[in-house]
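Some notes on strand pairing, helix packing and aromatic contacts follow. Please read them with the structure open.

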Amino acid sequence: MLGIIGAMDVEVNSIKNNVKNKITTVFANIEFVLGEIEEKSVCVAQCSPGKVNAALCTQLMIDKFDVDRIINIGVGCSLDENVVIRDIVVADKLCQYDIDVTALGEEKGLINGINVVKIASSPSLSEELEKSALNCGYNVHIGTIASGDTFIGSSRLKKSINKDFGAICGEMEGGAIAQVCYINSIPFAVLRTVSDGGDESSHMDYPEFKKVAAKQSCEIILSYLKNN
């Protein structure tokens, strides 16, 4: 069964609307919708923004519904001048830019317990998503996606994350989902549609483009399910 996680209703409702033979279950105030899309078994959930919400949803999905792979979709900001609004970013690695124990001599972003800074996504799953995005006619980038519990809206923070981690896209959930999947040995992929530039204009760009971005994500997921 494929698990699909998005943070906001605009990101997951259109996917839920395509689910046939729906069964809805609620755990920890998270609604999980089970059924089929393109005759493939799916479990779709809205986790709400933030790393703790994302981690909770992911672990519940793994424990309760026995998913064998997870795709995280949603919107993100550009952290690289070559990545622009409406582009697609598929992560080859995920990091959490707001983990900082450098005062104790650790590398910035080091995730204690697994002792890595970046977690690699599933190469095959990510490649299939990339192909689906290209088939839908979108411009696709492959690279590091950085997660943190801050909406990135300043050039200073944007440049810092790009410099420290080489990240090309920023958001608030993927790194946590990657960590939970890694610990549970679940293949995963993270796809983001760019809704803003991660700078001082992001508060104006984000509301305008998030619906467009979410529509693109849904289109790519449906293409993936149809062809894989």
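1. Start with a single pair of residues: glycine 3 has cysteine 43 in β4 as its bridge partner. The model is predicted, and this pairing should be read as part of that prediction.

2. The pair belongs to a longer register. Strand β1 (residues 2-6) and strand β4 (residues 40-46) run parallel and are joined by five bridges.

3. β1 also pairs with strand β5 (residues 69-72), again in the parallel sense, with four bridges between the two. Here isoleucine 4 has isoleucine 71 of β5 as its bridge partner. β1 is thus bridged to β4 and also to β5.

4. From β5 the pairing continues to strand β11 (residues 188-196), which is parallel to β5 and shares three bridges with it. Within this pairing, asparagine 72 is placed opposite valine 190 of β11.

5. How many residues of β1 are buried? Five of the five are, so the strand is largely enclosed by the rest of the structure. The side chains divide by direction: Leu2, Ile4 and Gly6 point one way, while Gly3 and Ile5 point the other way. Residues of both sets are buried. Gly3, whose partner is cysteine 43, and Ile4, whose partner is isoleucine 71, therefore both count among the buried residues of a strand that is buried at five of five positions.

6. On helix packing, α2 (residues 51-65) and α5 (residues 174-184) have axes that come within 8 Å of each other and cross at roughly 35°. The crossing is right-handed.

7. Which residues make the contact between these helices? From α2 they are Lys51, Ala54, Ala55, Thr58, Gln59 and Ile62; from α5 they are Ala176, Ile177, Val180, Cys181 and Asn184. Sorted by class, the contact of α2 with α5 comprises seven nonpolar residues, three polar ones and one charged one.

8. Last, the aromatic rings. Three aromatic pairs turn up in a search of the whole structure. Phe27, Phe32 and Phe65 are linked into a cluster by ring pairs. Phe65 is at the end of the range given for α2 (residues 51-65).

Note on methods: Residues are numbered from 1 along each chain as its sequence is written. This is a predicted model: local features need pLDDT of at least 70, side-chain atom pairs count only at pLDDT 80 or more; totals for chains, interfaces and linings use all residues. Side-chain values use heavy atoms; hydrogens and water are left out. Axes are lines fitted to C-alpha atoms, for helices over the stretch in contact, and angles run from 0 to 180 degrees between N-to-C directions. A crossing is left-handed if the near helix is turned anticlockwise from the far one by less than a right angle, and right-handed if clockwise. Contact means heavy atoms within 4.5 Å. Ala, Val, Leu, Ile, Met, Phe, Trp, Tyr, Cys and Pro count as nonpolar, Asp, Glu, Lys and Arg as charged, and the others, Gly among them, as polar. Rings of Phe, Tyr and Trp (its six-membered ring) pair if their centres lie within 6.5 Å; planes under 30 degrees apart count as stacked, over 60 as edge-to-face and the rest as tilted. Buried means under 20% relative accessible area, exposed over 50%, partly exposed in between (1.4 Å probe, protein chains only). Two strands pair if DSSP finds at least two bridges between them.
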